[in-house]
Amino acid sequence: MSAYEYVATDCSGLRKTGVVSASSLGDAQRSLRISGFYPSNLMERWSLPDSLAKLFSRQPDPQEMSELCREASMLLANAVPLDRTLSLLALHRQGKLGAAIRRMEHLVLQGYSLGQAMQGETAIPALMWQTVRSAEMSGNLSRVFEDLSEHFEITAQDESKVKATLFYPKVIVVFALFILVFILTFLMPSYIEVYVNSEMALPTPTRILVDLTDLFNHFWFIAIPFLAISFTLLRTGWRRLRSTMAWESFELSLPVLGALQQNRLLAQLCRTLAMLLQVGIPLDRVLLSCEGLPQQGIWRDSIQKARQQVVRGVSFAEAMDSTDCFPDSFIQLLLIGSEGGDLLQMLPKAAGYYTRQANTSSEKLLQLLQPIIMLGVALLIGALAVSLLLPLYNQADLVNSISGMR
């Protein structure tokens, strides 16, 4: 859907402005007329291209989504109408999320279902609107929002643990860059003056450091934007590289990082399966909702293939096993749960197990990163020290040689 800004008057002649979501300009006009508004000005809101929008858009915050789902569950459990629920949810929320909820309220008043109103909103995670669309068939939205709240809360906790794991390496890298800038800005100019006045022949490492210092001190106003643009381009290229199947397969094959990603996904998948199956949603619709769960394309394709086989009548465990993407422990869990009839009781326990395994993998990753980063910082400082002291050493060696000849 596209967003259309409008200026309209209602039946009493009052002027109103706002935004309506529709698939075309004609649909936007019809939606406004059905709501009792007569547009005098209607135009499509300009938006960035999809590739740029993905680059600059902020991903939904799991903690914020958890609070939203918890409030929605409480309101719906107390028999508050859906349109009034959305109005209350948007009351104290600003930014993209608040605007998205207000557009959803407008669509619900036009006769759209909540899942249809959520679809296409970038502020709403794909898993959320797919789950709501699937749960609308069971009519138990309050329970679904409660489960979604717990799911997003656990996801927020997992993300905070990952950020805490990477905090120390980031601090070390920033500290190393600060040392490099300090040396190039304040320390090297005095050394350069000494070297130039002495007219000594500088070794290659020192000449490279001198050239970098001159470049940084005389063209810093160009260097800073250049570094910012280079960082943005490298970040974009890195994201595109990580989205390729070949790189995803390579990441999953790594000993520690691959195990961390696999365990995190399996924990989320088990929680989502348990959450949706408990409210009576059919398995094919459950797998359709799970397709929006992983960020890696190789996982999404595997879940999609499994869903297609489930639709054809293949058992759940056999369908997941045929994708050759999930570990044997997960397939064995599905087989035992399906045969014993206690899959719903086993999935939450499996989610807890894979969560503990993910925490263990993150601790191992931090233990590996610490010595690697410290070694990199030591090499950087050592290279700078060698570049600074090598001319003095060469000069002293030359003086000793001359003294020996005498």
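This section describes the overall make-up of a predicted model, then its helix contacts and selected residues.

The protein contains 17 helices and three strands. Of its 406 residues, 37% are buried. The exposed surface amounts to about 23,400 Å². Carbon and sulfur atoms supply 60% of that area. Contacts were also sorted by distance along the sequence. Among those between residues at least 6 apart, 61% join residues at least 24 apart.

Helix H13, residues 283-290, takes part in two of the helix contacts described here. One partner is helix H12, residues 255-278. The axes of H12 and H13 come within 10 Å. They cross at roughly 140 degrees. The pair is therefore classed as oblique, since an angle must be over 145 degrees to count as roughly antiparallel. H12 passes H13 in a right-handed crossing. On the H12 side, the contact involves Leu 269, Thr 272, Leu 273, Leu 276 and Leu 277. These meet Leu 283, Val 286, Leu 287, Ser 289 and Cys 290 of H13. By class, the contact of H12 with H13 has eight nonpolar residues and two polar ones. No charged residue takes part in the contact of H12 with H13.

The other partner is helix H7, residues 126-135. The axes of H7 and H13 come within 8 Å. Their crossing angle is roughly 165 degrees. H7 is therefore roughly antiparallel to H13. This crossing, too, is right-handed. H7 contributes Leu 127, Gln 130, Thr 131, Arg 133 and Ser 134. H13 answers with Arg 285, Leu 288 and Ser 289. The residues of this contact divide into two nonpolar, four polar and two charged. Ser 289 of H13 appears in the contact with H12 and in the contact with H7.

A further contact joins helix H11, residues 245-253, to helix H14, residues 297-311. The two pack at an angle of about 95 degrees, and their axes lie 8 Å apart. H11 is therefore roughly perpendicular to H14. Met 245, Glu 248, Ser 249 and Leu 252 form the H11 side. Gly 297, Ile 298, Trp 299 and Asp 301 form the H14 side. By class, the contact of H11 with H14 has four nonpolar, two polar and two charged residues.

Selected buried residues show how parts of the chain that are separated in sequence are placed in space. Leu 384 belongs to helix H17, residues 343-405. Its relative accessible area is 7%, so Leu 384 is buried. Leu 384 touches Leu 180, Ile 183 and Leu 209, leaving aside residues up to four places away in sequence. Leu 384 and Leu 180 are 204 residues apart along the chain. Their C-alpha atoms are separated by 8.4 Å. Leu 180 itself falls within the span of helix H8, residues 141-198.

His 151 is also placed in H8. It has 6% relative accessibility and therefore counts as buried. The C-alpha atom of His 151 is separated by 8.8 Å from that of Pro 62. Along the chain, His 151 and Pro 62 are 89 residues apart.

Val 7 lies in strand S1, residues 2-9. At 17% relative accessibility, Val 7 counts as buried, because the cut-off is under 20%. Val 7 and Met 43 are 36 residues apart along the chain, with C-alpha atoms separated by 9.3 Å.

Backbone geometry singles out two loop residues. Most residues other than glycine have a negative phi. Ala 79 is not a glycine, yet its phi is positive, at about 65 degrees. Ala 79 sits in the loop between helix H3, residues 62-77, and helix H4, residues 82-89. Ala 79 is exposed, with a relative accessible area of 66%.

Asp 324 likewise has a positive phi, near 60 degrees. Asp 324 is found in the loop between helix H15, residues 316-321, and helix H16, residues 328-340. Its relative accessible area is 71%, so Asp 324 is exposed.

Notes: Residues numbered from 1 in each chain as written. Predicted model: local features only at pLDDT ≥ 70, side-chain atom pairs only at ≥ 80, totals over all residues. Heavy atoms only, no water. Helix = DSSP H or I, 4+ residues; strand = E, 2+ residues; numbered from the N terminus. Buried < 20%, exposed > 50% of the residue type's maximum accessible area, 1.4 Å probe, protein only. Contact = heavy atoms within 4.5 Å. Areas by Shrake-Rupley, 256 points an atom, 1.4 Å probe, with all protein chains shown as cover. Axes fitted to C-alpha atoms, helices over the stretch in contact; angles between N-to-C directions. Parallel < 35°, antiparallel > 145°, perpendicular 65-115°, else oblique. Left-handed = near helix turned anticlockwise from the far one by under 90°. Nonpolar A, V, L, I, M, F, W, Y, C, P; charged D, E, K, R; others polar.
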